[in-house]
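This report describes a predicted model. Please read the text beside the sequence and the structure shown here.

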Amino acid sequence: MDIQPPQPSAKGPAEWFTGDVWIDAIVRGEEPSRVRVSAVHFTPGARTAWHSHAVGQTLYVTEGAGLVQSRGGEVVQLRPGDMVRAAPDEEHWHGAAPGHFMTHLSITEAVPADERPEAAWLEHVSDAEYGRG
């Protein structure tokens, strides 16, 4: 058994997020594993930009209140214990609800042999899009 020391929290880059978001890396699988697990902490109103994942993404909400939307779909409210699965290449966003913090686990996989980026980051979610929640 190999106990790993915790890594410092990383500020989410402004290119990927609106508002303040902090990321704690939990697992970064070593080959042959390609699993990636992070705890993502959103301040009230903070959210991702529109994005997709080459191999999909699973979110598991651990605390707070959040929102998620697939491109063309309805904004859905999230609570602790909710699990959301985005299919490969499905454009979506997620973040904290207005007035609430939210933390979720993000579970993704890298693409075999780095054939393409794990995630494709798109435009920021507008205030009007976010306000539909």
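## A salt bridge between arginine 36 and glutamate 118

In this predicted model, arginine 36 and glutamate 118 meet through their side chains in a salt bridge, with an N to O distance of 3.7 Å. Because arginine 36 belongs to strand S4 while glutamate 118 sits in the loop between S12 and strand S13 (119-121), the pair ties together parts that are 82 residues apart in sequence. The two partners are also described by their accessibility: arginine 36 counts as buried at 14% relative accessibility, and glutamate 118 is partly exposed, with a relative accessible area of 24%.

Side chains of opposite charge can pair when their charged atoms come close. The structure holds seven salt bridges, and two others are taken up further below.

## The sheet around strands S4 and S12

Which order do the strands of the open sheet follow? The six strands are arranged as S1-S3-S4-S12-S7-S10, and their pairing is antiparallel. Strand S1 (10-11) and strand S10 (83-86) are the edge strands, each of them pairing on one side only.

Within this sheet, strand S4 (residues 35-42) pairs with strand S12 (residues 102-109) in the antiparallel sense, over eight bridges. Arginine 36, already met as a salt-bridge partner of glutamate 118, stands opposite threonine 108 in S12.

## Serine 106 in strand S12

Strand S12 also contains serine 106, and this residue has a relative accessible area of 11%, so it counts as buried. The side chain of serine 106 makes a polar contact with the side chain of glutamine 57, at 2.8 Å.

When neighbours within four places in sequence are left aside, the residues in contact with serine 106 are Arg36, Val37, Ser38, Val40, Gln57, Thr58 and Leu59. Glutamine 57, the partner in the polar contact, is thus listed together with arginine 36 among the contacts of serine 106.

## Backbone features in two loops

Most residues other than glycine have a negative phi, and most peptide bonds are trans. Against that background, a cis peptide bond joins glutamate 31 and proline 32, with omega at about 15°, and proline 32 has its place in the loop between strand S3 (21-28) and S4.

Aspartate 89 has a positive phi, near 65°, although it is a residue other than glycine. This aspartate lies in the loop between S10 and strand S11 (92-96), and at 42% relative accessibility it counts as partly exposed.

## Further salt bridges

Glutamate 123 and arginine 71 form a salt bridge in which the closest N and O atoms are 2.8 Å apart. This pair links distant parts of the chain, 52 residues apart, since glutamate 123 is in the loop between S13 and helix H1 (127-130) and arginine 71 is in the loop between strand S8 (66-70) and strand S9 (76-78). Both residues count as partly exposed, glutamate 123 at 40% relative accessibility and arginine 71 at 37%.

Aspartate 89, noted above for its positive phi, meets arginine 116 in a salt bridge between their side chains, at 2.6 Å from N to O. Because arginine 116 lies in the loop between S12 and S13 and aspartate 89 in the loop between S10 and S11, this pair ties together parts that are 27 residues apart in sequence. Arginine 116 is partly exposed, at 40% relative accessibility. Salt bridges that share partners also join Arg71, Glu91 and Glu123 into one network.

Technical notes: Residues are numbered from 1 along each chain as its sequence is written. This is a predicted model: local features need pLDDT of at least 70, side-chain atom pairs count only at pLDDT 80 or more; totals for chains, interfaces and linings use all residues. Side-chain values use heavy atoms; hydrogens and water are left out. Two strands pair if DSSP finds at least two bridges between them. Helices (H or I, at least four residues) and strands (E, at least two) are DSSP runs, numbered from the N terminus. Buried means under 20% relative accessible area, exposed over 50%, partly exposed in between (1.4 Å probe, protein chains only). A polar contact is a pair of N or O atoms within 3.5 Å; within protein, one must be able to donate a hydrogen and the other to accept it, and residues adjacent in sequence count only if both atoms are side-chain atoms. Contact means heavy atoms within 4.5 Å. A salt bridge is a side-chain nitrogen of Lys or Arg within 4 Å of a carboxyl oxygen of Asp or Glu.
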